Amino acid sequence: MVEKKKNTMLTTSDLLLTDRRKIREEWKKSDFQIGADIDIIKRWCKTQKHLPELPCDNTIEYFLTNCKFSIEKTKQNLDMYYSIPNLLPEMYEKKHPCLDKMKNVEKVAYMIPMPRLTENLHRITVVKFRDSDPDLFVPVDYSAFLFRNIFEIKNREDLTMGEIIIIDYKYFKFGHVIKISPLFAKNCAFILEKVWSNRLRELHFINAPVFIDKIMALLKAFFSKKLQERVSHSNYTLLIL
């Protein structure tokens, strides 16, 4: 008799451990209240013929948490989430993770969400450049890996009280900087504000070269005034409360 091999492949649920009960408690929301809010959003989604799908319960709860359980803000945030690929096609089109060009992103940088939440129920994502060759760096593909591909998994599988991103710039050279256009910086700022909304709690740069000032100046030029005021000039820590 041949013994069947067990499937040892990890799923995204294994890689992104969360605790919905604790997060609901943080917001002082009961299961009944969560279900009621999800039903409201679902009914609204069914009236929006331009939406490509009816989001699942996990996705709706993700956006509700993102918007501090404001029904109207959740509607706006979901609408923007589904609309932005058409608004910024260069940031979203042909960015499927199985495409060869997107696989090349893995040769440029690691982007790894930590499997466990912090004590404050935040999710840490570590981004580290692994190659110093600027020729391999394609900014729109690099950003799409985080803003599109990882975010697609997170809004279905994850639930947090906020995001912390740590970027290690050890192998980041000036040749990388000159490939970042003002339009690209503007688009990234737009996604952070309109789609990620309140998700981003902290942004940390480590091993940052002196010319990182140029990137921050470019990004901040497109941040809202409120967001600009929350950027620390000393260590570039972005706090969104």
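Reader: Why does Arg 24 count as buried?
Author: Arg 24 has a relative accessibility of 17%. Buried means under 20% relative accessible area, exposed means over 50%, and partly exposed is in between (1.4 Å probe, protein chains only). Arg 24 therefore counts as buried at its 17%. The model is a predicted one, in which local features need pLDDT of at least 70 and side-chain atom pairs count only at pLDDT 80 or more, whereas totals for chains, interfaces and linings use all residues. Residues are numbered from 1 along each chain as its sequence is written, and side-chain values use heavy atoms, with hydrogens and water left out.

Reader: What makes the pair of Arg 24 and Asp 31 a salt bridge?
Author: A salt bridge is a side-chain nitrogen of Lys or Arg within 4 Å of a carboxyl oxygen of Asp or Glu. The side chains of Arg 24 and Asp 31 meet at 2.7 Å, N to O, which fits that definition. Asp 31 counts as exposed, because its relative accessibility is 57%.

Reader: Which residue besides Asp 31 meets Arg 24, and where does that partner lie?
Author: The side chain of Glu 61 forms a salt bridge with that of Arg 24 at 2.9 Å, N to O. This pair links distant parts of the chain, with Glu 61 in helix H4 (residues 57–66) and Arg 24 in helix H2 (residues 20–26), 37 residues apart. Helices (H or I, at least four residues) and strands (E, at least two) are DSSP runs, numbered from the N terminus. Both Glu 61 and Arg 24 are buried.

Reader: What makes the pair of Arg 156 and Glu 53 a tie between parts of the chain?
Author: The side chains of Arg 156 and Glu 53 meet in a salt bridge at 3.2 Å, N to O. Arg 156 lies in helix H9 and Glu 53 in the loop between helix H3 (31–47) and H4, so the pair ties together parts that are 103 residues apart in sequence. Arg 156 counts as partly exposed at 28% relative accessibility, and Glu 53 is partly exposed at 36%.

Reader: Which residues are joined into one network by salt bridges that share partners?
Author: Arg 20, Arg 24, Asp 31 and Glu 61 are joined in this way. A search of the whole structure finds 16 salt bridges.

Reader: How do you know that H4 is mostly covered?
Author: Eight of the ten residues of H4 are buried. These are Thr 59, Ile 60, Glu 61, Tyr 62, Phe 63, Leu 64, Thr 65 and Asn 66. The cover over them includes H2, H3, helix H5 (71–87), H9 and strand S3 (162–168). H4 is followed by Lys 68, whose phi is positive, near 55°.

Reader: Why is Asp 37 called buried, and what does Asp 37 contact?
Author: Asp 37 counts as buried because its relative accessibility is 11%. Asp 37 is placed in helix H3. Leaving aside neighbours within four places in sequence, Asp 37 is in contact (heavy atoms within 4.5 Å) with Lys 29, Leu 64, Phe 69 and Ile 71.

Reader: How are H9 and H11 oriented, parallel or antiparallel?
Author: Helix H9 (residues 139–157) and helix H11 (residues 182–194) pack at an angle of about 5°, with their axes 11 Å apart. That angle makes H9 roughly parallel to H11. The contact is made by Pro 139, Val 140, Ser 143 and Phe 147 of H9 and by Phe 184, Cys 188, Ile 191 and Leu 192 of H11. Axes are lines fitted to C-alpha atoms, for helices over the stretch in contact, and angles run from 0 to 180 degrees between N-to-C directions. Angles under 35 degrees count as roughly parallel, over 145 as roughly antiparallel, 65 to 115 as roughly perpendicular and the rest as oblique.

Reader: Why is Glu 106 called partly exposed, and which residues does Glu 106 touch?
Author: The relative accessible area of Glu 106 is 42%, so this residue is partly exposed. Glu 106 lies in helix H8 (residues 105–108). Not counting residues up to four places away in sequence, Glu 106 touches Arg 130 and Phe 145. The C-alpha atoms of Glu 106 and Phe 129 are separated by 9.3 Å, the two residues being 23 residues apart along the chain.

Reader: How much of the protein chain is buried?
Author: Buried residues make up 44% of its 241 residues. The protein chain has 13 helices and four strands.
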